[in-house]
Amino acid sequence: MVVLSASEEKELLIDILEIKKDILTMIYKAQSGHPGGSLSCANLIYLLYKKVMKIDSQNPAWKERDYFILSKGHAAPALYAVLSKIGFIDRSELFTLRQLGSTLQGHPIKNEQLGIEVSTGSLGMGLSIGVGCALAAKLDKNNRRIYVVLGDGELNEGSTWEAAMAASHYKLDNLTAIIDRNGIQIDGSTEEVMALEPLAEKWKAFGWNVIEVDGSNLGELFEGFNKSKNIIRKPTVLISYLIKGSDVSFMEHTKKYHGRPPSKQEYTSAISEIDQIIETISVK
Amino acid sequence: MLMNEKLLRDAFGDFLAQNGDHYPELVVLDADLSSSTRTNRFAQRFPRKFFNFGIAEQNMMGAAIGFAISGKMPVVSGFSIFTTGRAWEFIRLICHDNLNVKIITTHGGLVGEDGSTHNALEDLSLMGTLPNISILIPSDIIELKEMLKCALNSNGPFYIRLPRGSFQTIHNPHFKLHMGSPEILKEGKDICLIGIGSGASLASTAAEIIERDRKISIKVINLSTIKPINVPTLISALKNVNKIIIIEEHNTYCGAGSILTRIISEHTPKLIKVLGIEDSFGESGSRVKLLEKYGFTLQNLLIQMNKILDR
Ligand SMILES: Cc1ncc(C[n+]2csc(CCOP(=O)(O)OP(=O)(O)O)c2C)c(N)n1
């Protein structure tokens, strides 16, 4: 089994922290956006693009590419920052986020040249879309894989469960759903607003291969993705335990920064916190 | 046009929290947006009568049907597009059975930075095509409070759409709502501006300034009931003008403007221009810049008036 080497992991971690700084800068400059849920899933999106998915770094629209769908579209800054890191988006464009005329809208808008397959932002659509992509790939005998990132609050939407049923019905082993299990939505914790647990059992009962991972651990995530590639006749869901607002202490584990930009002072302190983490990792 | 006044949704949340006791059958439903829609203020005072359905608009609307046929009066809230769009067929059933459900949403029209996926520029066509529903769009907080009273005191389905932000107050505190009838804010004869929602205060401000600058007389109407419309009063209110501009924050292809244009032209020939968002989903940007881009400005209103007056 392929594993991440220590040096690979270190490199990834530093990239991810730089991505997180970009996320914060984008949202700070726009003075609007969703820091909490962008910071939580940035690492897994980057890992997917960098080490898991089949993509052509010179050509986002490459026909043989794997598909990525950010069903929780409000994490657009994370996607944009990752796409910039891998070279699909010009970094200077990042900081036009949410401004009139920018290609980087508040939520991702379909754009083949940037590698954005479909517009998202209205929650609960991504998994059904993924089912369609997976069925089409099977029809075409294309061995592309489909990756869909879902919020845990987003699982409240009934359509997600309709898609879950269809995916196992059609034995879509080319489909991997990743749940950002950060435990928080807008009005409070997921268990307070609309209890999801026992979540793994629900997906198992729907016929999915369920892998639970500590999403902050890149090695575990990577292993999970690799395992999902080898499962046959079943879709896989990675329930990734993550932290809302991760790596910025005052944004962690709180609903407060779900949809609120940092103030100037908060921004400065967030950046310096991440810089410190980068420094610690670099000297290791 | 955008003032530092209380947000419409703040007034909505406060109204529910303050008046919860007057309506024994009232229950409030939200879909993980109670902190945005301000129904959380009701939730704090009446925790037993508040139900958060999570991000599940369809289930929430279905449950509203259940509440209604069990004698309750559900107020269902959320963002305009998700609530009306995702749950549309449930709303169709609510209207079909003429149930006592009040759908009151925030973020109608152009929402600003969240962008096209969150804009509600189609909700009036979605709701307008449903029999039995009353559709109200407030132009300011005073009118909103009247509408809330009216909706909660009547039986049957209502859709009240709160645009994002706050609007200049154009009503005095003693204002009484006459549902269905156009409200004449100012008399005039050369042209009539019909403002809907945020369009009403734009129309009044524009009329004042433009009348001062040019020698024309402008009639201004606030039209806050999109359905049902009292046709005879509308036609009679428009009797002395031949040219009309309707201002609405909606897709012009199929919105309140199109509904009004049909009704008016079935009775009397007028030249009508609908100023709104022309067949687009909109985009991200500050609300002020978006309103500018899509023509909700004094300058554009003046251009449109000159065009139509020259014909
Ligand atoms: C259909 C729909 N309803 C409501 C919203 C408003 N909304 C945006 S984000 C969000 C909460 C998302 O929670 P979760 O899926 O847990 O995301 P995360 O915590 O990972 O950011 C809500 C309710 C939406 N975007 N789409």
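In the classification used here, Ala, Val, Leu, Ile, Met, Phe, Trp, Tyr, Cys and Pro count as nonpolar, Asp, Glu, Lys and Arg as charged, and the others, Gly among them, as polar. On that basis, the lining of the second largest pocket in this predicted model comprises 9 polar, 5 nonpolar and 2 charged residues. The pocket has a volume of about 380 Å³. Of its 16 lining residues, those nearest the centre are S122(A) and M125(A) together with I81(B), S116(B) and T117(B).

The contact between the two chains may be considered next. Here 26 residues of chain A are in contact with 23 residues of chain B. The size of an interface is often given as the accessible area lost when the parts come together. For chain A and chain B the buried area is about 2,000 Å², with 48% of it on carbon and sulfur atoms. On the chain B side, D32(B), I55(B) and R86(B) supply 29% of the area that this chain buries against chain A, more than any other three residues.

Within chain B, 7 strands form an open sheet with mixed pairing, in the order β2-β1-β3-β4-β6-β5-β10. Its edge strands, each paired on one side only, are β2 (50-52) and β10 (225-227) of chain B. Direction ignored, neighbouring strands of the sheet are turned by 20 degrees against each other on average. At one edge, β10(B) pairs with strand β5 (residues 134-136) of chain B in the antiparallel sense over 2 bridges, and K227(B) in β10(B) stands opposite I135(B). Helix α1 (residues 8-19) of chain B packs on the sheet, where α1 touches β1 (26-30), β3 (73-79), β4 (102-108) and β6 (158-163) of chain B. The direction of this helix makes about 135 degrees with that of β6(B).

Methods: Residues are numbered from 1 along each chain as its sequence is written. Chains are lettered from A and ligands numbered from 1 in the order in which they are written. This is a predicted model: local features need pLDDT of at least 70, side-chain atom pairs count only at pLDDT 80 or more; totals for chains, interfaces and linings use all residues. Side-chain values use heavy atoms; hydrogens and water are left out. On a 1 Å grid over the protein atoms alone, a cavity is a set of points where a 1.4 Å probe fits but cannot get out, and a pocket is an open set with protein on both sides within 12 Å along at least five of seven lines; lining residues have an atom within 4 Å of a point. Grid points are joined across faces, edges and corners, and a volume is the space filled by probe spheres set on the points. Two strands pair if DSSP finds at least two bridges between them. Helices (H or I, at least four residues) and strands (E, at least two) are DSSP runs, numbered from the N terminus. Axes are lines fitted to C-alpha atoms, for helices over the stretch in contact, and angles run from 0 to 180 degrees between N-to-C directions. Contact means heavy atoms within 4.5 Å. Buried area is the accessible area (1.4 Å probe) that two parts lose on being put together, summed over both.
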